[in-house]
Amino acid sequence: MLDPEQLSSTLAERLRVLLASRGITAPALIGIRSGGAWIAARLQAALDLPGEPGTLDISFYRDDFSRVGLDPQVRPSQIPFDIDARDIVLVDDVLHTGRTIRAALNEIFDYGRPRSVVLAVLVERDGRELPVQADVAATRLTLGADEYVRLDGPNPLSLTIQ
Ligand code: 5GP
Ligand code: MG
């Protein structure tokens, strides 16, 4: 089921159910730029939450000296609220190796100490290299190493596998 508008509302509904089951009524959303930022904005609206989501800017580079993996590069982030004791929902478009989320958690804990962190992603693909799993995902895809989920959004939202 890859109708992206449908995926987006599926994610919102699954997140709503998860938060309710945990008794979380005032979550603070943080989207990872750029793909996670507009999904976080959609979730913020779908869940009727006041204010704006925070954003983190994390990308990866491969330095010539590291033989394994990619190194995270964290750029200035915008988290316009105090995260101490908050229930955070970390939002990204695609979860793959888990390295982005690992870096995002480090960054969040540099800002403060949340009460909890939930991970919500639109697409969970295989290929994890770290013990990171999504708490909610709209869909799960098994892709070849040379395949990529192309997501364009938000208006209109499109999803293709290349
Ligand atoms: P990871 O750090 O888990 O390997 O990769 C996750 C990050 O890379 C996400 O922020 C996501 O935007 C990007 N990414 C990884 N695989 C894909 C993919 O197949 N499609 C898209 N659009 N982004 C991907
Ligand atoms: Mg990304």
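The following legends describe close-up views of a predicted model.

**Figure 1. Residues surrounding ligand 1.** The shell around ligand 1 is formed by D92, D93, V94, H96, T97, G98, R99, T100, R125, Y148 and V149. Sorted by class, this shell holds three nonpolar, four polar and four charged residues. Three residues of the shell come from β4, which makes the largest contribution.

**Figure 2. Polar contacts of ligand 1.** Two of the contacts shown involve oxygen atoms of the ligand. In one, a polar side-chain atom of D93 is placed 2.7 Å from an oxygen atom of ligand 1. In another, a backbone N or O atom of H96 is found 2.9 Å from an oxygen atom of ligand 1. A nitrogen atom of ligand 1 takes part as well, at 2.7 Å from a polar backbone atom of V149. Ligand 1 exposes 500 Å² when taken alone, and the protein buries 83% of that area.

**Figure 3. Secondary structure around ligand 1.** Ligand 1 occupies the space of the largest pocket. Two elements, β4 (87-95) and α3 (99-111), each supply two or more residues to the shell around the ligand.

**Figure 4. The largest pocket and its lining.** Rolling a probe the size of a water molecule over the atoms reveals where empty space remains. In this model the largest pocket contains about 730 Å³ of space. Its lining comprises 32 residues, and those closest to the centre of the pocket are D93, V94, H96, T100 and Y148. Two or more lining residues are given by each of β1 (28-33), α2 (35-46), β2 (54-61), β4, α3 and β7 (149-152). By class, the lining divides into 12 nonpolar, 10 polar and 10 charged residues.

**Figure 5. The cis peptide bond between R33 and S34.** Most peptide bonds are trans. The bond that joins R33 and S34, however, is cis, with an omega of about -5°. S34 is located in the loop between β1 and α2. Both β1 and α2 are also among the elements that give two or more residues to the lining of the largest pocket.

**Figure 6. The backbone at D48.** Most residues other than glycine have a negative phi. D48 is not a glycine, yet its phi is positive, at about 60°. This residue belongs to the loop between α2 and β2. As with the preceding view, the flanking elements α2 and β2 are among those that contribute two or more residues to the lining of the largest pocket.

Conventions: Residues are numbered from 1 along each chain as its sequence is written. Chains are lettered from A and ligands numbered from 1 in the order in which they are written. This is a predicted model: local features need pLDDT of at least 70, side-chain atom pairs count only at pLDDT 80 or more; totals for chains, interfaces and linings use all residues. Side-chain values use heavy atoms; hydrogens and water are left out. A residue is near a molecule or strand if one of its heavy atoms lies within 4 Å of it. A polar contact is a pair of N or O atoms within 3.5 Å; within protein, one must be able to donate a hydrogen and the other to accept it, and residues adjacent in sequence count only if both atoms are side-chain atoms. Accessible areas come from the Shrake-Rupley method with a 1.4 Å probe; for residues, only the protein chains shown count as cover. On a 1 Å grid over the protein atoms alone, a cavity is a set of points where a 1.4 Å probe fits but cannot get out, and a pocket is an open set with protein on both sides within 12 Å along at least five of seven lines; lining residues have an atom within 4 Å of a point. A molecule sits in a cavity or pocket if more than half of its atoms lie within 2 Å of its grid points. Helices (H or I, at least four residues) and strands (E, at least two) are DSSP runs, numbered from the N terminus. Ala, Val, Leu, Ile, Met, Phe, Trp, Tyr, Cys and Pro count as nonpolar, Asp, Glu, Lys and Arg as charged, and the others, Gly among them, as polar. Grid points are joined across faces, edges and corners, and a volume is the space filled by probe spheres set on the points.
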